[in-house]
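Notebook open, viewer open. I'm jotting down what I look up as I go, starting with the loops and then moving on to the strands.

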Amino acid sequence: PPPKSRSALEFTPFPSLVLPRGTQIGIYLEARGLTRTPDRLNKYRVDLEVLEQEKSGVFSRAVRSLGKAFGLGGNDVAPKITFTQTQPAADPAPIGIKLGAIQMDPGLKLFRVTVTDLQTNTAVVTDKFVRVADNK
């Protein structure tokens, strides 16, 4: 399970944001200012997107366009995880996402986490750049 606080034994920050493919990762963040329900709960939604930050070369783009023209490929879609959570009210509210081993292609990625308070529909976005390295 993901850590419940920064002081949890499972919470071990990486010394670098360059991670080899296959590295086991998780994301921990703290949501502040969530609105408490009358029954003293926090209700929120978490969206995690992983966005490519490096454009492919001219040749790769041309081949991909040609493939799409012949119906051989679909649109590129950013991976996204969405879930809702209801938990006893806390400020900050700890949020942990266990992702497992990185299996993405090497390159610069933007991990974008959006936390939306379901009581007020207020959203806060946090971006973190991570470089996935070839594990050769």
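Entry 1, Arg40. I went to the loop between strand S2 (24-31) and strand S3 (41-52), and that is where Arg40 lies. Keep in mind that I'm working with a predicted model. I checked the backbone there: phi of Arg40 is near 60 degrees, a positive value in a residue other than glycine. Is Arg40 buried or exposed? It counts as exposed, because its relative accessibility is 55% and the cut-off for exposed is over 50%.

Entry 2, Asn121. Next I looked in the loop between strand S6 (107-117) and strand S7 (122-133), where I found Asn121. Its phi is near 65 degrees, again a positive value in a residue other than glycine. I looked up its accessibility too: Asn121 has a relative accessible area of 59%, so I put it down as exposed.

Entry 3, the hairpin. What do S6 and S7 form together? They make a hairpin, with four residues between the two strands, and Asn121 sits in the turn. I then looked at how they pair: S6 and S7 are antiparallel, joined over eleven bridges. I picked one bridge to look at, and there Val113 has Thr126 in S7 as its partner.

Entry 4, the other partner of S6. I followed S6 across to S3 and got nine bridges between them, with the strands running antiparallel. One I wrote down is Glu52, whose bridge partner in S6 is Lys109. How many of the eleven residues in S6 are buried? Nine of them are, so S6 is mostly covered. A note to self on strands: in a regular one, the side chains alternate between the two faces of the sheet.

Entry 5, Thr23. I moved back along the chain to the loop between strand S1 (18-20) and S2, which holds Thr23. Thr23 counts as buried, because its relative accessibility is 16% and buried means under 20%. What does the side chain of Thr23 reach? It gets to the backbone oxygen of Pro20, at 2.6 Å.

Entry 6, Pro92. Last stop: the loop between strand S4 (80-88) and strand S5 (93-101), where Pro92 lies. Is the peptide bond from Asp91 to Pro92 cis or trans? I read off an omega near 10 degrees, and the bond is cis.

Conventions. Residues are numbered from 1 along each chain as its sequence is written. This is a predicted model: local features need pLDDT of at least 70, side-chain atom pairs count only at pLDDT 80 or more; totals for chains, interfaces and linings use all residues. Side-chain values use heavy atoms; hydrogens and water are left out. Buried means under 20% relative accessible area, exposed over 50%, partly exposed in between (1.4 Å probe, protein chains only). Two strands pair if DSSP finds at least two bridges between them. A polar contact is a pair of N or O atoms within 3.5 Å; within protein, one must be able to donate a hydrogen and the other to accept it, and residues adjacent in sequence count only if both atoms are side-chain atoms.
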